[in-house]
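Colleague: I should like to understand the terms used for this structure, and the reasoning behind each of them. May we go through them in turn?

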Amino acid sequence: MFQVNRAENRIRRLEERRFGDLGLRERDHLQEWLAGLPDALGEELLIIQKEFDGFADTRERLDLLALDKDGQLVVIENKLDDSGRDVTWQALKYAAYCSSLTKAQIVDIFQSYLDRHEKGAKAVERICEFLGAEDLQEVQLNAGNGQRLMLVAANFRKEVTAAVLWLLSHNIRAQCFRVVPYSHGDELFLDLQQIVPTPEAADFMIGMATKETEEKTTQAVQKPRHLLRLAFWEQALEQLRSAGLSRFNSISPSQEHWLNAATGMSGVSFTLIFSKDEARVEVGITRGDATENKWVFDQLLEQKEVLGEKFGAPLDWLRLDDKKACRIVYTQTFDGYDRENWPAMIGWMTDHMQRLQDTFSAPIAALNTRLRNGQGPAAGLRLAG
């Protein structure tokens, strides 16, 4: 690894170090770094436990337990300067132990983690938010034998990498990440790279391994609620278009519980929500930058009284300071899964989405213009799309 000196147009080699020589420890340092920034491993992960030891008849404990975006458990085993010979076997044992965990057990494991590290946080809410699900009922966790292994170390012995490649050939998702500390003066740097499988080959290998499984489970995935949503949105879109809500003209029916329509500002949408217990219309502010989202929300909030009066009902203004996104919401209770209620529900959505667009289209367009002209929350903002 090199440092670039732009003034001299030269590069300088950083000094590769050993964790042991730096006084860094596996549990106190490497494990905490990954727990704090799990996407350093190349994808979005939700850490649900550290030092997990909830296995029957054994006192063993795994380093980190996580969920991936498919709801599969990920066993993360960390070593420092040497992987050791037995790390693959150790991780396989942990994956086998975890394979029997139920959804309820996983929620309890995560809640105990949050109770220790984030007082007041709710595991169910965090899991649903991470997986983009409306409620826990539609979430599938730890399905089948899809548990994954991630091994992290500064060096991997040949027997370890050979075992991981063999596992990959048998449809077991295992990865090796090489993590090396470097120093320059008093500064410490960390290089973390996936080495097995190589990033270039990973998608192909995983894709081939999962293709057959996907084909076999496609029919099973089409659950009744997905088909119910599809039928609902077909009816809803027909009425929305008949009512002249042209923003939904190019939107297709979906199996999701939401539909988005453009507002004219990138990352800001007019959204319809269909759920078992309610219908919602909302302005979703989900730009890539949290500061921009809060700025857009705050600018609209300054007009709260005028906008509420124009909309004709009290809106819920959800700044969501602990999250990147913001929402402005109006909700009505319905038994959404009873098809007899659909005409009333769709009528309510049509009426209130029209009100939402009439109320917010002009203010959002004005804010979009300000962003384009560099008048946003800070200099250097990305231009609105």
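Colleague: What makes the pairing of glutamate 282 and arginine 280 a salt bridge?

Modeller: Please bear in mind that this is a predicted model. The side chains of glutamate 282 and arginine 280 lie 3.4 Å apart, N to O. A salt bridge requires a Lys or Arg side-chain nitrogen within 4 Å of an Asp or Glu carboxyl oxygen, so the pair qualifies. Both glutamate 282 and arginine 280 are buried.

Colleague: Why is the pairing of aspartate 321 with arginine 319 called a salt bridge?

Modeller: The closest N and O atoms of aspartate 321 and arginine 319 are 2.5 Å apart; the limit is 4 Å, and therefore the term applies. As general background, side chains of opposite charge can pair when their charged atoms come close.

Colleague: Why does aspartate 321 count as exposed, and why is arginine 319 called partly exposed?

Modeller: Aspartate 321 has a relative accessibility of 59%; exposed means over 50%, so the word fits. Arginine 319 has a relative accessible area of 28%. That value falls between the 20% and 50% limits, and arginine 319 is therefore partly exposed.

Colleague: How many salt bridges does a search of the whole structure find, and which residues do shared partners join into one network?

Modeller: The search finds 25 salt bridges. Arg27, Glu51, Asp53 and Arg61 are joined into one network through bridges that share partners.

Colleague: How do you know that glutamate 32 forms a salt bridge with lysine 50?

Modeller: Their closest N and O atoms are 2.8 Å apart, and this is within 4 Å, so the pair meets the criterion. The bridge links distant parts of the chain, with glutamate 32 in helix α1 (residues 26-36) and lysine 50 in strand β4 (residues 46-52), 18 residues apart. Lysine 50 is buried because its relative accessible area is 13%, under the 20% limit. Glutamate 32, at 34%, counts as partly exposed.

Colleague: Which residues of α1 are buried, and what do they pack against?

Modeller: His29, Leu30, Gln31, Leu34 and Ala35 are buried in α1. The buried residues of this helix pack against β4, β5 (62-67), β6 (73-78), β7 (148-153), β8 (174-184) and β9 (187-196).

Colleague: What makes threonine 359 a buried residue?

Modeller: Threonine 359 has a relative accessible area of 2%; buried means under 20%, so the conclusion follows. Threonine 359 is placed in helix α10 (residues 342-372). Beyond its neighbours within four places in sequence, threonine 359 is in contact with Leu307, Lys310 and Phe311.

Colleague: Which members of the largest nonpolar core touch the most other members?

Modeller: They are Leu41, Leu67, Ile76 and Val152, in a core of 59 residues. Helix α3 gives the most to this core, with six residues. Apart from it lies another core of 45 residues, including Trp348 and Phe360. Isoleucine 76, leaving aside neighbours within four places in sequence, has contacts that include Leu41, Ile47, Met150 and Val152.

Colleague: What is the volume of the largest pocket, and which element gives the most to its lining?

Modeller: The volume is about 1,800 Å³. Of the 50 lining residues, the closest to the centre are Glu125, Cys128, Glu129, Phe130 and Lys323. Helix α4 gives the most to the lining, with six residues. By class, the lining holds 20 nonpolar, 11 polar and 19 charged residues.

Definitions and conventions. Residues numbered from 1 in each chain as written. Predicted model: local features only at pLDDT ≥ 70, side-chain atom pairs only at ≥ 80, totals over all residues. Heavy atoms only, no water. Helix = DSSP H or I, 4+ residues; strand = E, 2+ residues; numbered from the N terminus. Buried < 20%, exposed > 50% of the residue type's maximum accessible area, 1.4 Å probe, protein only. 1 Å grid on protein atoms, 1.4 Å probe; cavity = no way out; pocket = protein on both sides within 12 Å on 5 of 7 lines; lining within 4 Å. Points joined across faces, edges and corners; volume = space filled by probe spheres on them. Nonpolar A, V, L, I, M, F, W, Y, C, P; charged D, E, K, R; others polar. Core = buried A, V, L, I, M, F, W, Y, C linked by side-chain atoms within 4.5 Å. Contact = heavy atoms within 4.5 Å.
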